[in-house]
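Welcome, and please open the model in your viewer with the sequence panel beside it. We will go from stop to stop, selecting a few residues each time.

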Amino acid sequence: MNFIDKALEEITNGEDFVQAMADIYEHTEVREKLDKFPAWIRNIITVIDYDTELAMDGLEFKSYRNVIDALTDIGVTTEAQALIELEGDVSQDGIDSCYSKLALNNDYEAFWDKLYSYADKNMKQ
């Protein structure tokens, strides 16, 4: 049983589940098996990776398509839209504009609350 299976078995609320998924960095071997888990779990881990990367490296000149897809599925459309705009403008002004629109600079708590609600909803299904 890996840490995701254990979390699914033991955790009963979205916030705690999302927090548990941050342990992906301690259990790197699980990444090879992520395709065996439901899309909602992969989406949560994608957003955790995105948040970690954003905090450590900032925005980069690269495609965020997988993050945009995960954010859209979760319902964090404002963040997804900011990244979509960046896809079409890989200038420093584009990065600066996008960065100013991100939850990190606006309503970080609401961003995570949506993720927790998404996890709650999917855990109950």
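Helices here are DSSP runs of H or I with at least four residues, and strands are runs of E with at least two, numbered from the N terminus. With that in hand, select R42, which lies in helix α3. Before going on, note that this is a predicted model: local features need pLDDT of at least 70, side-chain atom pairs count only at pLDDT 80 or more, and totals for chains, interfaces and linings use all residues. Residues are numbered from 1 along each chain as its sequence is written, and side-chain values use heavy atoms, with hydrogens and water left out.

**Stop 1: around R42**

Is R42 buried, partly exposed or exposed? R42 counts as partly exposed, at 31% relative accessibility. (Buried means under 20% relative accessible area, exposed means over 50%, and partly exposed is in between, using a 1.4 Å probe and protein chains only.) Show the contacts of R42, where contact means heavy atoms within 4.5 Å. Leaving aside residues up to four places away in sequence, R42 touches L34, D35 and F37. Now add A70: its C-alpha atom is 8.2 Å from that of R42, although the two are 28 residues apart along the chain.

**Stop 2: the whole of helix α3**

Select residues 39-57, the 19 residues of helix α3. The expected span of a helix is 1.5 Å times one less than its number of residues. For α3 that gives 27 Å, and the end C-alpha atoms are 26 Å apart, which agrees.

Next, colour the buried residues of α3: W40, I41, N43, I44, I45, T46, V47, I48, Y50, D51 and L54. What covers them? The cover includes α1 (3-10), α2 (14-21), α4 (65-74), α5 (77-87), α6 (92-101) and α7 (108-123).

Look at what flanks the helix, too. Just after α3, G58 takes a positive phi of about 75°. On the other side, P38 is found in the loop between α2 and α3. P38 is partly exposed, with a relative accessible area of 38%. Its C-alpha atom is 14 Å from that of A7, with the two positions 31 residues apart along the chain.

**Stop 3: salt bridges**

Side chains of opposite charge can pair when their charged atoms come close. A salt bridge here is a side-chain nitrogen of Lys or Arg within 4 Å of a carboxyl oxygen of Asp or Glu. How many does a search of the whole structure find? The search finds 4 salt bridges, and we will visit some of them.

Select R31 and D49, whose closest N and O atoms are 2.9 Å apart. R31 lies in the loop between α2 and α3 and D49 in helix α3, so this pair ties together parts that are 18 residues apart in sequence. R31 is partly exposed at 33%, and D49 is partly exposed at 23%.

Now select E53 and K62, where the closest N and O atoms of the salt bridge are 2.6 Å apart. E53 is partly exposed at 23%, as is K62 at 35%.

Then go to K101 and E85, which meet in a salt bridge at 2.5 Å, N to O. This pair links distant parts of the chain, with K101 in helix α6 and E85 in helix α5, 16 residues apart.

**Stop 4: the largest pocket**

On a 1 Å grid over the protein atoms alone, a pocket is an open set of points with protein on both sides within 12 Å along at least five of seven lines, while a cavity is a set where a 1.4 Å probe fits but cannot get out; lining residues have an atom within 4 Å of a point. Grid points are joined across faces, edges and corners, and a volume is the space filled by probe spheres set on the points.

Select T46, D49, Y50, N66 and V67, which lie nearest the centre of the largest pocket among its 13 lining residues. The space in this pocket is about 150 Å³. Which helix gives the most to its lining? That is α3, with 6 residues.

**Stop 5: the cavity**

Finish with Y50, D51, L54, E79, A103, L104, Y108 and F111, which line the largest cavity. The elements giving two or more residues to this lining are α3 and α7. The volume of the largest cavity is about 40 Å³.
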